[in-house]
Protein chains: 2
Amino acid sequence: MKIYVIGTGPGEASQLTGKALKALNDSDLIVGYQVYIDLIKHLVPDKETFSTPMKGEVERCKYAVETASTGKKVAVISSGDAGIYGMAGLIYEVLEAYGNLEIQVEIIPGITAAASAAAVLGAPLTNDFAVISLSDLLTRWEDIEIRLRLAARAGFAICIYNPSSRRRGDYLRKACEIIMSEISSSTPCGYVKNIGREGQESKILTLEELAAEQVDMFTTVIIGNSNTRVINNRLVTSRGYRV
Amino acid sequence: MKIYVIGTGPGEASQLTGKALKALNDSDLIVGYQVYIDLIKHLVPDKETFSTPMKGEVERCKYAVETASTGKKVAVISSGDAGIYGMAGLIYEVLEAYGNLEIQVEIIPGITAAASAAAVLGAPLTNDFAVISLSDLLTRWEDIEIRLRLAARAGFAICIYNPSSRRRGDYLRKACEIIMSEISSSTPCGYVKNIGREGQESKILTLEELAAEQVDMFTTVIIGNSNTRVINNRLVTSRGYRV
């Protein structure tokens, strides 16, 4: 009785760790959101899979726990890292609800979007940073606003996950306006769409320009701080070394 | 003329990505801190290496740029992720100082300690979080204090890098005291020492207990928020799903 919770990284198979690949191979069933299963399915073509639509996370984790209870090994996959907005926490909560704590859980980390987006843009997260999701499905928008405001005030670089959705088309603009009330509107920023996948695109721009930009839900945004500069078209936050 | 800046993850070879391994193989020279070179050297035993002691980061990056200028391919390695307190930013700054912007730079992300420590402890970073280094070599301690205080006030889980050194034996206690002035001293926390390496150890404890704990420089600390609980001896931050 075992559940692996596996972070599969940004998308391309080469950014999976050896440990993640081994765990996928060791599993009888792979559970996840279909888009992310499709990205890794060719690596383990013979495995049984189970997916639910978006927002089906609880159902997916319950199915994983029920299947693991029958003695099978189950891989629950998240894109990026399994523990950063991924399924790791929910698996523990579902196990608790089922009162079934004998199933062994192993969390296998992956490259989270903060790291993969930063690598595409340059090096904007070389010093202290905050990671904030703009999705208000599970977190109150008022709390998200407070985090944006205090993170900017404290001088963190900020990495934004889930910047947009059909219902939340203006959230990135609202977020940028809050941040601009704390730091300069000329602060260098950047974003990456479809990291490590077909159609990868990135752009470097000012905070003010970012506020006017339309991005989609497959985009990761990074907002610099007062030590962030553009060097040769790359976004770089100085840590303070004397070069 | 190419420089790869490679994040080698927590330590064990299985947590390297395929892309990182391929870049190591493609390089003529591997540059890094000796401890981290030793962890990956067996994967590419025939490669030339160059290391300097701790605090030799600028010298290392200059050597990498000078060697790449002669036409060689150079891998600069960082443990964890190359862009999170890693060498990616410094490489761009050194290239700028040399006025040599023709060298191609490719940043290859790795599993950062926030993700690998979280995976060992459970799932404490499932929602918004901040990453803060307690090293005041390059950042003023006053700025670090502000970040600790505002991150706790905003309800971020907090991942602490570089919690201690010989000279900074009491910094983790000071950090915990600042955070305890904002959130409950019974907040669940945890730390992991030597993640993914020989001698890995982890512990889950309250914020108040953490303040009295002695940890070393190879330790990563995670401080929960008001949604963090201990489930079956694992540190779990609820994202808010209805289970």
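# Exercises on a two-chain model

Helices α3(B) and α4(B) are oblique to each other. The model behind these exercises is predicted.

## Exercise 1: a helix pair in chain B

Task: Work out how α3(B) and α4(B) pack, starting from their axes.

Solution.
- Step 1. Two packed helices are described by the angle between their axes and the distance between the axes.
- Step 2. In chain B, α3 covers residues 57-69 and α4 covers residues 88-98. Their axes come within 9 Å. They cross at roughly 60°.
- Step 3. Angles of 65 to 115 degrees would count as roughly perpendicular, and angles under 35 degrees as roughly parallel. The pair α3(B) and α4(B) is therefore oblique.
- Step 4. The crossing of α3(B) and α4(B) is right-handed.
- Step 5. Now list the residues that meet. α3(B) supplies Glu57(B), Val58(B), Cys61(B), Lys62(B), Ala64(B), Val65(B) and Glu66(B). α4(B) supplies Leu90(B), Ile91(B), Val94(B), Leu95(B) and Tyr98(B).
- Step 6. Look at the spacing in these lists. An α-helix has 3.6 residues a turn, so residues three or four places apart point the same way.

## Exercise 2: the pair in chain A

Task: Find the angle at which α3 and α4 of chain A pack, and the distance between their axes.

Solution.
- Step 1. α3 (57-69) and α4 (88-98) of chain A pack at about 60°, with axes 9 Å apart.
- Step 2. That angle makes α3(A) oblique to α4(A).
- Step 3. Among the residues in this contact are Cys61(A) and Val65(A) of α3(A), and Ile91(A) and Val94(A) of α4(A).
- Step 4. α3(A) and α4(A) cross in a right-handed sense.

## Exercise 3: α6 and α7

Task: Describe the packing of α6(B) against α7(B).

Solution.
- Step 1. α6 of chain B spans residues 141-153. Its axis comes within 8 Å of the α7(B) axis, and the two cross at roughly 40°.
- Step 2. α6(B) and α7(B) are therefore oblique to each other.
- Step 3. α6(B) passes α7(B) in a right-handed crossing.
- Step 4. On the α6(B) side, the contact uses Trp141(B), Glu145(B), Leu148(B), Arg149(B) and Ala152(B). Facing them in α7(B) are Tyr171(B), Lys174(B), Ala175(B), Ile178(B) and Ile179(B).

## Exercise 4: α5 and the loop before it

Task: How many residues of α5(B) are buried? Then place Thr112(B) and list what it touches.

Solution.
- Step 1. Helix α5 of chain B runs from 113 to 121, and eight of its nine residues are buried, so it is largely enclosed by the rest of the structure.
- Step 2. The buried residues are Ala113(B), Ala114(B), Ala115(B), Ser116(B), Ala117(B), Ala118(B), Ala119(B) and Leu121(B).
- Step 3. Just after α5(B) comes Gly122(B), with a positive phi of about 140°.
- Step 4. Go back to Thr112(B), in the loop between β5 (104-108) and α5 of chain B. Thr112(B) is buried, at 6% relative accessibility.
- Step 5. Leaving out residues up to four places away in sequence, Thr112(B) touches Gly80(B), Asp81(B), Ile84(B) and Tyr161(B). The side chains of Thr112(B) and Tyr161(B) share a polar contact of 2.5 Å.
- Step 6. Thr112(B) and Asn100(B) are twelve residues apart along the chain. Their C-alpha atoms are 29 Å apart.

## Exercise 5: two asparagines

Task: Is Asn162(B) positive or negative in phi? Is Asn194(B) positive or negative in phi?

Solution.
- Step 1. Most residues other than glycine have a negative phi.
- Step 2. Asn162(B) has a positive phi, near 50°. Asn162(B) lies in the loop between β8 (157-161) and α7 (171-180) of chain B. Asn162(B) is partly exposed, at 26% relative accessible area.
- Step 3. Asn194(B) also has a positive phi, near 55°. Asn194(B) sits in the loop between β9 (188-193) and β10 (201-206) of chain B. Asn194(B) is buried, at 15%.

## Exercise 6: Thr17 and the second chain

Task: Which residues does Thr17(B) touch, and what rotation superposes chain B on chain A?

Solution.
- Step 1. Thr17(B) lies in the loop between β1 (2-7) and α1 (18-26) of chain B. Thr17(B) is buried, at 3% relative accessibility.
- Step 2. A polar side-chain atom of Thr17(B) lies 3.0 Å from the backbone nitrogen of Ala20(B).
- Step 3. Beyond four places in sequence, Thr17(B) touches Ser14(A), Gln15(A), Leu16(A), Thr17(A) and Ile111(A), along with Ile108(B) and Pro109(B).
- Step 4. A rotation of 180° with 0.0 Å of shift along its axis superposes chain B on chain A, at an RMSD of 0.0 Å. That is the relation of a two-fold axis.
- Step 5. Of the interface residues of chain B, 100% are also interface residues in chain A, so the copies meet through the same surface.

Conventions:
Residues are numbered from 1 along each chain as its sequence is written. Chains are lettered from A and ligands numbered from 1 in the order in which they are written. This is a predicted model: local features need pLDDT of at least 70, side-chain atom pairs count only at pLDDT 80 or more; totals for chains, interfaces and linings use all residues. Side-chain values use heavy atoms; hydrogens and water are left out. Helices (H or I, at least four residues) and strands (E, at least two) are DSSP runs, numbered from the N terminus. Buried means under 20% relative accessible area, exposed over 50%, partly exposed in between (1.4 Å probe, protein chains only). A polar contact is a pair of N or O atoms within 3.5 Å; within protein, one must be able to donate a hydrogen and the other to accept it, and residues adjacent in sequence count only if both atoms are side-chain atoms. Contact means heavy atoms within 4.5 Å. Copies are superposed by least squares on the C-alpha atoms of residues with pLDDT of at least 70 in both. Axes are lines fitted to C-alpha atoms, for helices over the stretch in contact, and angles run from 0 to 180 degrees between N-to-C directions. Angles under 35 degrees count as roughly parallel, over 145 as roughly antiparallel, 65 to 115 as roughly perpendicular and the rest as oblique. A crossing is left-handed if the near helix is turned anticlockwise from the far one by less than a right angle, and right-handed if clockwise.
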